[in-house]
Each structure stands twice: as structure tokens, then as C-alpha cells.
Amino acid sequence: MHSTTAPAPDSGTAQATPTHCPYCALQCGMGLSAGPGGVRVVERTEFPVNKGALCGKGQTAPELLSSGLRLTEPLVRDAQSGALVPASWEVALDRIAEGLSRTRASHGADACGVFGGGGLTNEKAYTLGKFARVVLGTSQIDYNGRFCMSSAAAAHQKAFGLDRGLPFPLADVSRTGCVILVGSNLAETMPPALRYLTELKENGGKLIVVDPRRTRTAQQADLHLAPRPGTDLALALGLLHLVVTEGRTDEDFIAERTDGWSEARAGAMAHWPEYVERITGVPVPTLREAVAMFCDAENAMVLTARGPEQQSKGTDTVGAWINLCLATGNAGRPLAGYGCLTGQGNGQGGREHGQKADQLPGYRKLTDPDARRHVAQVWDVDPDSLPGPGRSAYELLEALGDDIRSLLLMGSNPVVSAPRAGHIEERLRALDFLAVADVVLSETAELADVVLPVTQWAEETGTITNLEGRVLLRRQAVEPPPGVHSDLYVLAELAARLGVDKGFSTDAEEVFEELRRASAGGPADYSGISYRRLIEEQGVYWPCPAGEEDGPGAEAAEGAEGTEQAGTDGRGAPTADVPATEVPVTDAPTATDVRAPARGAGAGAHHPGTPRLFLDRFATEDGRARFVAVSHRPVAEEPDEEYPLYLTTGRVLAQYQSGAQTRRIGELNAAAPGAFVQLHPRLAERLGVREGDEVAVVSRRGRAQAPARVTTDIRQDTVFMPFHWPGAGRANTVTNPALDPTSRMPEFKVCAVRLERGGS
């Protein structure tokens with residue numbers, strides 16, 4: 001077992017509450033046992049995603065439940081001293097309501113901003129979006145998940161008509177024939193998932209890793225491609241060129257299930273191998289070897305993560321990798337396809353239910369009149385009262401202190417996590433009013449006028465949706481400390497103070513029941529999912545429309561039928577005239593492994609959920625996938641004489657995201673105590689830098705300073721920094737906020753820098 005004194009996990013399950021890890025999108029199953037010695041982690045070997053395995057972050061997660069490490073009382077900014085001082089909940093909530101009301105009265109509703117997080121439960125994300133649009137009447141809401149999966153989401157929508165990170169269970173990865181893993185270091189970011197790649201190789205499959213660094217994950221690869229940062233688009237186009245010239249395309253699949261091939265093919269043919277080698281630095285023989293591995297496999301997959309996605313051309317880059325899958329027939333069938341490895345704990349669910357700038361619950365579009373009418377009916381408001389789309393995350397943060405005068409922020413730490421972070425810190429300081437609800441006093445909370453202490457994972461019940469699209473139930477295991485309330489309580493109390501005293505429940509299950517109704521008939525349909533089913537089935541994959549046994553969700557589903565597409569339930573699942581058939585995979589991690597039947601198919605029965613999407617049709621109007629014609633273009637900021645190097649950023653094993661939580665845990669801090677700058681020995685020799693020397697990474701936006709870590713595991717033209725720390729080692733001081741034109745994703749993963757010895 002694991003407690004705050006850090007003993008090892010126990011395999012016993014007696015008296016343990018089954019729940020899930022608070023960190024990444026794997027949402028590993030764990031049990032929590034509370035006793036006199038503290039809260040202990042207990043293995044849940046029966047949960048299929050991790051089968052009991054946990055990384056160090058999961059094992060030490062209960063330590064943050066300690067009152068000494070987290071907030072336990074509200075804080076307000078003292079007008080005379082300027083310090084944050086303890087206050088009652090009444091005073092703190094009144095202060096927030098007054099600040100937001102004052103802004104609305106003086107500057108209008110859109111002068112109030114709301115910023116959410118990818119770690120919020122589905123219930124919180126749903127309520128936050130409802131609060132912004134119904135109570136504040138503002139369009140200015142977005143969340144930090146925009147910084148994570150938005151480019152992949154946009155590419156998914158273009159190609160398939162639906163965005164779900166993985167359209168298949170993780171277990172399928174170990175049974176395919178070849179995986180191209182692009183820009184992911186699973187061994188450090190999602191350690192329990194590494195077993196799927198290990199099993200892939202044990203089963204005779206091949207692993208190709210694309211990364212400018214030889215990471216722990218790349219060390220496991222059969223083939224490692226190390227392109228220049230920002231050239232993943234050219235690499236994908238070069239591989240597709242070779243697929244075409246070597247006669248490796250699946251012409252039957254292309255003809256029967258896709259559109260747009262001729263334009264995409266023309267784009268690929270303009271990227272011949274030698275040209276791609278000049279752009280990427282990947283030798284032509286290595287390109288040919290990668291194509292042979294991928295195409296020789298009976299089934300193959302491409303999985304991307306933040307490497308190719310966090311670029312100013314991230315949507316096109318992911319689209320090019322999807323084109324490779326479509327051209328080879330590796331989509332829309334078992335054990336093959338494209339998938340995105342979602343990062344944050346509820347990064348999938350968080351982008352489905354309304355905290356994005358352009359979105360309503362159920363992954364509905366805010367600009368769709370039918371969607372507005374449906375959700376407005378659930379919320380009991382006039383559809384015309386709902387504001388339109390607002391700014392994306394970075395654009396919202398950049399507008400602070402100008403068009404946006406007050407901000408309510410939940411579950412995010414942009415002082416550390418936003419690109420050009422020094423500038424964003426200045427914008428936060430320029431606000432008339434800032435309120436933050438968080439578990440800890442983060443660097444962003446330190447700037448607030450009011451800080452509210454809220455419950456965390458083990459102290460509350462709520463749902464999350466993991467990277468597979470599997471909706472899961474986190475169950476409360478312990479009581480929160482006195483003086484700590486949930487985010488749902490915060491929003492309900494603020495709504496009442498701002499004149500809306502109905503429609504904001506503090507009970508998570510009641511909120512989920514409303515979410516079911518609001519999502520019914522939408523692309524991310526949860527109407528057939530209930531807390532009871534989540535407990536009994538260890539999660540349910542969406543889409544899962546309501547059957548006749550599914551209570552209030554069934555009525556909502558019937559009422560939404562007018563918005564569905566003919567011939568499909570709106571998500572690529574077949575309708576009643578397409579028979580549900582077994583998928584020929586026997587050991588999938590779910591009790592039901594069938595193509596999703598139509599709403600109403602099997603009268604009275606529960607819909608089984610949809611582990612695998614697109615097996616009969618894609619979620620487009622005509623059921624056909626779309627190739628997207630793309631071409632290579634440079635990153636927003638290429639190296640030059642003044643800034644001759646590439647900087648790329650990422651995570652390390654012992655820390656998570658902005659580090660606001662993990663930096664408070666002694667065992668994790670001991671393993672990763674601070675930032676560093678990774679560089680190649682030849683670059684270090686040129687600069688006269690030795691291991692451990694202080695170096696500064698300087699860009700047009702600022703400088704970050706940290707000790708040098710010299711290794712041959714990185715390209716000679718590239719340096720790397722992890723982004724978990726504030727202060728002098730804050731990597732995001734340096735990063736470039738250039739935005740993808742479609743997804744509005746900032747270009748975290750590549751910018752031009754120089755190195756200076758000795759720091760500042």
C-alpha cells in the first residue's frame with residue numbers, strides 16, 4: 001500500500017474504494033484505503049487499462065491530500081497590505097460576485113472571462129460552460145486543453161467527422177502489426193501504457209518512433225526517426241510519396257471509403273524522398289525502411305502526441321499522418337487506424353461538454369441552431385440568449401486587462417503553462433479582478449484577488465473520459481478537510497449571488513443526469529451512460545445513446561432525433577438497417593465489443609457503448625473519410641544567425657504539467673528537482689559548456705536558465721527543456737505563441753533560440 005509515508009502499493013482490495021488516478025489521460029485504476037495511517041493506494045488489477053500498474057505519480061498521489069500541502073481556507077487580497085489573507089467563504093464568494101458584477105455593469109458581459117482545465121471532471125466542465133453562458137452571458141470561455149489536443153481534434157473532425165482521441169481500445173495497440181509513434185515519450189508521460197508497445201513487439205509487431213530526441217520510448221523502437229523539430233509534416237508527406245511510388249496504396253479502400261485522394265496524392269508527390277531528407281534530416285534509406293515496416297504489416301497504426309500537434313501547422317501535420325493511414329487502408333477496421341494520445345486526465349471529456357470557446361455539451365457546435373435549441377431547452381433558457389463563439393485559450397489570455405477585465409479561473413496554471421508565459425503573467429496582473437479555484441496555491445493563484453480551496457480527486461465523486469473515449473467514475477474515498485468545498489458548490493453559490501438560483505446542482509450525479517440529457521443526440525452522446533453502469537461495467541465507451549432502460553436520458557435521446565444524420569446515429573455507428581456484427585478480436589477490455597447498434601436497436605436494452613469507431617462508416621454525412629490536401633511549410637520561427645538553434649519542450653517522468661501538484665510531493669521532487677537544458681556534446685564543446693554548467697536559453701521573448709545536461713540522445717541543432725517549473729527555469733518564458741490557423745494551438749514544440757554560458 002502507499003500512504004503519505006510512501007510504502008509500496010498493496011494488492012489487497014479489502015475496504016478500498018475503487019477509483020482512478022488524478023493525473024494523465026490513461027486514468028489508471030486504483031483503490032484507496034483510508035485509515036489511521038493515512039490514505040493508501042491499493043492495486044486494481046482487474047481494471048483493464050493498467051491492470052494494477054501505476055507510475056510514481058499515481059503511487060504518491062494521496063500525499064497531496066495532506067492539509068500541509070494544499071489550500072484549506074479561502075484567501076482574499078487585503079487592500080492595505082496587498083497580501084492574500086484568510087477569509088470566510090461568505091466573504092470570498094461575495095467578493096467574486098461583486099467583482100464579476102462590477103465588470104459586467106461597466107464593460108459588458110464579454111469583459112468577464114472564464115478559463116477552465118483539462119483536469120476538471122465532466123460534471124465540472126459542463127457546469128463551468130453553463131455558468132459562463134447562462135449566468136455571466138459571456139462568450140469568453142476556453143480552457144487549457146486547447147494547448148494539448150486541439151490540433152488532433154481538428155484533424156479528426158476534418159478526416160472522420162468525429163473527434164475521439166483513440167477510436168479503438170488501447171489493448172488493440174499490442175495486437176496490430178506496426179505502430180508509428182509520432183512525438184510521444186510514453187515511457188515518461190504514461191509509463192503504464194508502455195506495456196502495450198512491449199507486448200506489440202513480443203507479438204512480432206514493429207515499433208517506429210518519430211522524435212528529435214532518443215527518449216526512453218525511442219530506445220524501445222525497431223526504427224527511430226529523428227527529424228528536425230517542426231518537420232513532421234514533411235516527413236509524413238515523404239512517407240506517403242514512397243507508398244505511392246512503391247505501389248503500396250490500398251486502391252479498393254480508397255475508392256470505397258474515402259474522398260479527396262487525387263488532391264492529397266498530388267501534394268505527396270511534390271515531396272520526393274531527397275527533398276524530404278533535406279528538410280527533415282532523415283536519410284532516404286531510413287524513410288524507405290519505415291515505409292516497408294508499415295506497409296508489410298497486415299494491420300498498422302499511427303499514434304500522435306504533442307510533438308507534431310503543438311505546432312502552428314499542427315492540424316495539417318496530423319492530417320498528413322491520417323492520409324498515410326487512409327492511403328494504406330489502415331482505418332475503419334479492427335487493429336488499424338489513426339489515434340491521438342490525449343494528455344490531461346480529462347482532456348477527452350473536457351473538450352466535449354462546453355468549456356471550449358465554440359462548443360456546447362455533447363460536442364455540439366455553438367453555431368448550430370439545432371444544437372442551441374436542444375441545449376437551451378435542457379437549460380430552460382432562450383436559445384437566442386446563448387452567446388456565440390469566443391476567443392481561443394491563448395487569445396483569451398492575451399486579451400486580459402484589455403477587452404477582458406475580470407477572470408474566473410479553475411484548474412489551470414497559465415503563469416507556468418502558457419506560451420510566452422512572461423507576457424501572460426503581465427496580462428494576468430493587468431486584470432481588474434482575478435478569482436482562482438484550485439487545490440494548491442499555484443503561481444497563478446498567487447496573483448489572484450480571491451483564491452478558493454476546492455476538493456480534489458479522492459474527496460469527490462465525478463466522471464472522467466480517458467484517452468480511449470471510455471467514460472469512468474471516480475468515487476469519493478475520503479472527506480475533504482473542513483473549509484474545503486467542490487467546484488460545483490462554488491459555481492452554484494456564485495450563480496445564486498448573480499441572480500440565477502436554479503439549475504446549478506452541487507450533487508455530481510444530478511449534474512451528470514443533466515449532462516446526459518444535454519449530450520443526447522450529439523456527437524459525444526452520453527445519454528445511455530449512468531453512474532450505475534459505470535460501476536458495473538468499469539466504464540462505457542461513448543457514443544452511447546440511451547435505450548429504453550436508461551431513464552431520463554432515453555427521453556432526451558428521443559427528443560434529439562431530428563438533429564441526426566440520415567443513415568447514421570451521427571457518430572459513424574450504423575443505423576438499424578446495418579446489422580451489428582462481432583469484431584474479430586477476442587480479448588478486448590470490455591464486455592461488449594460490437595459495432596454500435598442504432599438508438600432503439602434491441603428494444604429495451606442498454607446500448608453497449610462503442611469501443612471501436614468507424615468499422616462500417618465514418619461519421620461524415622456520406623460515411624466516407626476525407627483526405628486533406630496539405631503541403632510542407634516552415635515553422636513560424638526558423639533558426640537564424642542570432643538564434644541558431646531549435647528549442648523543443650516536454651515532460652519528465654516524475655513531474656506533471658505545470659508541476660503545481662507534483663512539485664509539492666517530496667519523492668517526486670527528489671527524482672526531478674528542477675529544470676535542465678539537454679544538449680548534444682558537440683554543441684556543448686562548441687560553447688564550452690560542461691555537464692551541470694548553468695546555461696541560458698534565449699529567444700525573442702525572453703530567457704530561461706537551468707543546468708546543462710549533455711547527451712548524445714538529442715540532435716546537434718536542438719536543445720530540450722522540460723516545462724514543469726516557474727521562475728528562472730520556466731521554459732515557457734521562451735516558447736512561441738504562434739497559432740495554428742484552424743485549431744488555435746500555440747507552437748510550443750519549436751522555436752529559435754541561442755544558448756549563453758553562465759546564465760544571467
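This report walks through a predicted model, beginning with one helix and its surroundings and moving on to the sheets.

## Helix α18 and its cover

Let us start with helix α18, which spans residues 487-497 and is mostly covered, with 8 of its 11 residues buried. The buried residues are Asp-487, Leu-488, Tyr-489, Val-490, Leu-491, Ala-492, Leu-494 and Ala-495.

The cover over these buried residues comes from both helices and strands: it includes α2 (89-107), α3 (122-136) and α19 (508-519), together with β16 (406-410), β17 (433-438) and β18 (450-453). If you follow the chain just past α18, you will meet Gly-499, which takes a positive phi of about 100 degrees.

## Strand β18 and its partners

Strand β18, one of the elements that cover α18, is worth a look of its own. Val-450 and Leu-452 point one way from the strand, Val-451 and Pro-453 point the other way, and all are buried.

Two strands can be followed from here. β17 runs parallel to β18 and is joined to it by 4 bridges; Ala-435 has Val-450 of β18 as its bridge partner. Strand β4 (residues 75-77) runs antiparallel to β18, with 2 bridges between them, and Leu-75 stands opposite Val-451.

## Where α3 meets α19

Helices α3 and α19 both help to cover α18, and they also pack on one another. Their axes lie 9 Å apart and make an angle of about 65 degrees, which means that α3 is roughly perpendicular to α19. The crossing of α3 and α19 is left-handed.

On the α3 side, the contact is made by Asn-122, Glu-123, Tyr-126, Thr-127 and Lys-130; facing them in α19 are Ala-508, Val-511, Phe-512, Glu-514, Leu-515 and Ala-518. Sorted by type, the residues of this contact of α3 with α19 comprise 6 nonpolar, 2 polar and 3 charged.

## The three-stranded sheet beside α3

An open sheet of 3 strands has the order β19-β20-β21, and its pairing is antiparallel. β19 (462-465) and β21 (540-541) are the edge strands, each pairing on one side only. Between β19 and strand β20 (residues 470-474) there are 4 bridges, and the two run antiparallel; Gly-462 stands opposite Arg-474 in β20. Helix α3 turns up again here: α3 packs on the sheet, touching β19 and β20, and its direction makes about 95 degrees with that of β19.

## The five-stranded parallel sheet

Another open sheet has 5 strands in the order β10-β9-β8-β12-β13, with parallel pairing. β10 (223-225) and β13 (337-340) each have a single partner strand, so one side of each is left without a neighbour in the sheet. From one strand to the next, the twist averages 15 degrees. At the β10 edge, strand β9 (residues 206-210) pairs with β10 in the parallel sense over 3 bridges, and Ile-208 has Leu-223 of β10 as its bridge partner.

Among the helices that lie across these strands are α11 and α13. Helix α11 (residues 284-296) lies across β8 (178-182), β9, β10 and β12 (300-304), and runs at about 130 degrees to β10. Helix α13 (residues 314-327) lies across β8, β9, β12 and β13, running at about 175 degrees to β12.

Terms used: Residues are numbered from 1 along each chain as its sequence is written. This is a predicted model: local features need pLDDT of at least 70, side-chain atom pairs count only at pLDDT 80 or more; totals for chains, interfaces and linings use all residues. Side-chain values use heavy atoms; hydrogens and water are left out. Buried means under 20% relative accessible area, exposed over 50%, partly exposed in between (1.4 Å probe, protein chains only). Contact means heavy atoms within 4.5 Å. Two strands pair if DSSP finds at least two bridges between them. Axes are lines fitted to C-alpha atoms, for helices over the stretch in contact, and angles run from 0 to 180 degrees between N-to-C directions. Angles under 35 degrees count as roughly parallel, over 145 as roughly antiparallel, 65 to 115 as roughly perpendicular and the rest as oblique. A crossing is left-handed if the near helix is turned anticlockwise from the far one by less than a right angle, and right-handed if clockwise. Ala, Val, Leu, Ile, Met, Phe, Trp, Tyr, Cys and Pro count as nonpolar, Asp, Glu, Lys and Arg as charged, and the others, Gly among them, as polar.
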